[in-house]
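Here is a small set of exercises to work through at your own pace. Keep the viewer open and try each task before you read its solution.

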Amino acid sequence: MYKRILIATDGSPLSEAAVESGLSLAGLTGASVVALKVVPRYPRSYFDGNLPVDTADIKRIEKQWSDAAQELVNKVKTRGAKEGVTVKAVVTKSDLIAEAVISAAKKHNCDLIVMASHGRKGLKRLLLGSETQHVLTHSHIPVLVLR
């Protein structure tokens, strides 16, 4: 049925449910998994409302974010190994999270994307947007969304 499943995670309780479901589905279908965490870049514009930060500090902060993301996807890899599922742990840097998820799914030849939705409604959805909605409407790869 599925050969390679991309599981997008951000470490939240909702995305942990997506990880669990994605690994279970992979185990049932014999698919391998790509565990993905997208890390944003540090904002560098004065217009973002940030104070100027030294370049070395920005690099240090971005490294901390990347290291934490790698630890998160490595945990998914370990969980997968315990369930007999092969997992590739991937971290990518991008401010366009939904586009990074779609791009990673294409790059790794995934035939399903599993991710969570925080279920924002009304004004919050309008103001904060929905990465999941963007993936749903722009990906040619099927998406399984957990709430």
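The exercises below go from the overall fold to single side chains.

**Before you start**

This is a predicted model, in which local features need pLDDT of at least 70 and side-chain atom pairs count only at pLDDT 80 or more, while totals for chains, interfaces and linings use all residues. Residues are numbered from 1 along each chain as its sequence is written, and side-chain values use heavy atoms, with hydrogens and water left out.

**Exercise 1. The overall fold**

Task: find how many helices and strands the protein has, and in what order they run.

Solution:
- Step 1. Count the elements: the protein has five helices and five strands. Helices (H or I, at least four residues) and strands (E, at least two) are DSSP runs, numbered from the N terminus.
- Step 2. Follow the chain from the N terminus, and the order reads β-α-β-α-β-α-β-α-α-β.
- Step 3. Look at the contacts, meaning heavy atoms within 4.5 Å. Taking those between residues at least 6 apart in sequence, 76% join residues at least 24 apart.
- Step 4. Pick one such long step along the chain: Ala17 and Met115 are 98 residues apart, and their C-alpha atoms are separated by 8.9 Å. Ala17 belongs to helix H1.

**Exercise 2. Surface and interior**

Task: work out what share of the residues is buried and what the exposed surface is made of.

Solution:
- Step 1. Set the cut-offs: buried means under 20% relative accessible area, exposed over 50%, and partly exposed in between (1.4 Å probe, protein chains only).
- Step 2. Apply them: 38% of the 147 residues count as buried.
- Step 3. Turn to the surface, where areas come from the Shrake-Rupley method with a 1.4 Å probe and, for residues, only the protein chains shown count as cover. The protein exposes about 8900 Å², and carbon and sulfur atoms supply 55% of it.

**Exercise 3. The sheet**

Task: lay out the strand order of the sheet and find which strands stand at its edges.

Solution:
- Step 1. Read across the open sheet: its five strands come in the order E3-E2-E1-E4-E5, with parallel pairing. Two strands pair if DSSP finds at least two bridges between them.
- Step 2. Find the edges: strand E3 (87-93) and strand E5 (143-146) each have a single partner strand, so one side of each is left without a neighbour in the sheet.
- Step 3. Check the twist: neighbouring strands are turned by 20 degrees against each other on average, direction ignored.
- Step 4. Zoom in on E1 and strand E2 (residues 32-39), which run parallel and are joined by five bridges. Ile5 has Val33 in E2 as its bridge partner, and Leu6 stands opposite Val34 in E2.
- Step 5. Ask how covered E1 is: four of its five residues are buried.

**Exercise 4. Salt bridges in helix H2**

Task: locate salt bridges within helix H2 and describe their spacing.

Solution:
- Step 1. Recall the rule: a side-chain nitrogen of Lys or Arg lies within 4 Å of a carboxyl oxygen of Asp or Glu. The whole structure holds four such salt bridges.
- Step 2. Start with Asp57 and Arg60, whose closest N and O atoms are 3.7 Å apart. Both lie in helix H2 (residues 55-82), three residues apart, about one turn of the helix. Asp57 is partly exposed at 32%, and Arg60 is partly exposed at 43%.
- Step 3. Move on to Asp67 and Lys63, which meet at 2.8 Å, N to O. They are four residues apart in H2, about one turn, and Asp67 is partly exposed at 40%.
- Step 4. Add Lys75 and Glu71, with closest N and O atoms 3.8 Å apart. This pair is also four residues apart in H2, and Glu71 is partly exposed at 47%.

**Exercise 5. A loop residue**

Task: is Thr9 buried or exposed, and what does its side chain reach?

Solution:
- Step 1. Place Thr9 in the loop between strand E1 (4-8) and helix H1 (13-29).
- Step 2. Check its cover: Thr9 is buried, at 5% relative accessibility.
- Step 3. Trace the side chain of Thr9: it reaches the backbone nitrogen of Gly11 at 3.2 Å.
- Step 4. List contacts of Thr9 beyond its neighbours within four places in sequence: among them are Val19, Leu36 and Leu72.

Definitions and conventions: A polar contact is a pair of N or O atoms within 3.5 Å; within protein, one must be able to donate a hydrogen and the other to accept it, and residues adjacent in sequence count only if both atoms are side-chain atoms. Axes are lines fitted to C-alpha atoms, for helices over the stretch in contact, and angles run from 0 to 180 degrees between N-to-C directions.
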